[in-house]
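Trainee: Hey, can we go through this one together? I'd like to start with whatever sits around the ligand.
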Amino acid sequence: MSSATVRRPAASVFPRHLPWTDRAGRLSRLKLAVFLALLAPALLLLADALAGTLGARPWDAAVHRVGWWTTLFLIASLAVTPLRRALRWGELMSIRRMVGVTVFFGAVLHLVLYAGQQAWDLPKVASEIVLRFYLTIGFVALLGLGALAATSTDGMVRRLGGPRWQKLHKLVYPIALLALVHFFLQVKNDVTEPLLFSGLFAWLMLYRVWNWKIGAPGTATLSALALLSATLTAGLEIVIITLKYPVSVATMLEAQFDFAAGIRPVWWVLAAGLAVVVLAEVRRRQKARTA
Ligand code: HEM
């Protein structure tokens, strides 16, 4: 066969750098689904802005919404490695960079919307960032995310070398911590959402510490990690509320079990941790059967 008649393999139908293709240029359903999921909040925000359904204070609503989604995606980016290991799902690694870069663009959009909320008065935006502690923290987190996004290309990984790149990208842990503190500090009364994100963050960090010090956690350890992160979530809520309001520890302990008043973050964190236990066990059995 002459070279002119050689067909290009199906693998290279798409350029390989598109967000929904794998390294060989093939369509990856996982990457496509994640790409659409990452894009959806921005599209919904745009639709609401165009339809005028963002409420009486549209800029405020947009700042809050984008901040919330950015933090969720930050937690999701931290979940990729533990879930890949626990669920023996190698393909998950292919989405980590996309999620991480989206976190950076989300944070930039959050800042741009904040400037819009301040009527584009940039000197005021700058002075607020310097003077208000929770904004300063957010800004530092944004700078950190910028450094990670700028070094996320294949070229930068090669230039920095694996170990240095990995060391640099460990910055994501303090950055996530800053983002959570920023979330807590801007809340007026209800700490439910930052607590929930913090509980999930606690699970992700406990998993990493265990994996680093002892090795891949098995079913019993994963169950213990779920219980420990849930307990830490409840503990953090009790500490915050009893310091902020004249409420006793006993009342706050009872409140954790008062399901009529809403499900407290401790239970969501426990449910998420136990879901990983179940899924990890299912995957372990599947793999054992196919082996
Ligand atoms: C220059 C950087 C930043 C500025 C100026 C900024 C500004 C703000 C402002 C003004 C609010 C609303 C506060 C209020 O209404 O009282 C807010 C909320 C929030 N920000 Fe930021 N922020 C920055 C960076 C970040 C980053 C890097 C993240 C996460 C990665 C983040 C996550 C959040 C979250 C989760 C909320 C609360 C959303 C909610 O209420 O559901 N922010 N931010």
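Mentor: Sure. One definition before that: Ala, Val, Leu, Ile, Met, Phe, Trp, Tyr, Cys and Pro count as nonpolar, Asp, Glu, Lys and Arg as charged, and the others, Gly among them, as polar. Also, keep in mind that this is a predicted model.

Trainee: Got it. So how many nonpolar, polar and charged residues are in the shell around the ligand?
Mentor: The shell has 13 nonpolar, eight polar and two charged residues.

Trainee: Which ones come nearest to the ligand?
Mentor: Of the 23 residues around the ligand, those are G67, W68, G138, F139 and A179. The elements giving two or more residues to that shell are α2 (58-86), α3, α5 and α8 (172-186).

Trainee: And which element gives the most?
Mentor: α2 does, with eight residues.

Trainee: New topic: how do α3 and α5 pack?
Mentor: Helix α3 (residues 96-117) and helix α5 (residues 133-150) pack at an angle of about 140°, and their axes are 9 Å apart. Because of that angle, α3 is oblique to α5. On the α3 side, the contact includes G100, V101 and F104, and on the α5 side it includes L142, L145 and G146. By class, that contact has nine nonpolar, two polar and no charged residues.

Trainee: What about domains, where do they run?
Mentor: The domain assignment gives domain 1 (27-186) and domain 2 (189-284). Their centres, taken over C-alpha atoms, are 23 Å apart.

Trainee: How many residues are in contact there?
Mentor: 14 residues of domain 1 are in contact with 17 residues of domain 2. On the domain 1 side, the largest share, seven residues, comes from α2.

Definitions and conventions: Residues are numbered from 1 along each chain as its sequence is written. This is a predicted model: local features need pLDDT of at least 70, side-chain atom pairs count only at pLDDT 80 or more; totals for chains, interfaces and linings use all residues. Axes are lines fitted to C-alpha atoms, for helices over the stretch in contact, and angles run from 0 to 180 degrees between N-to-C directions. Helices (H or I, at least four residues) and strands (E, at least two) are DSSP runs, numbered from the N terminus. Angles under 35 degrees count as roughly parallel, over 145 as roughly antiparallel, 65 to 115 as roughly perpendicular and the rest as oblique. Two residues are in contact if their C-beta atoms, placed from the backbone, lie within 7 Å. A residue is near a molecule or strand if its C-beta atom, placed from the backbone, lies within 6 Å of it. Domain bounds come from an automatic or database domain assignment.
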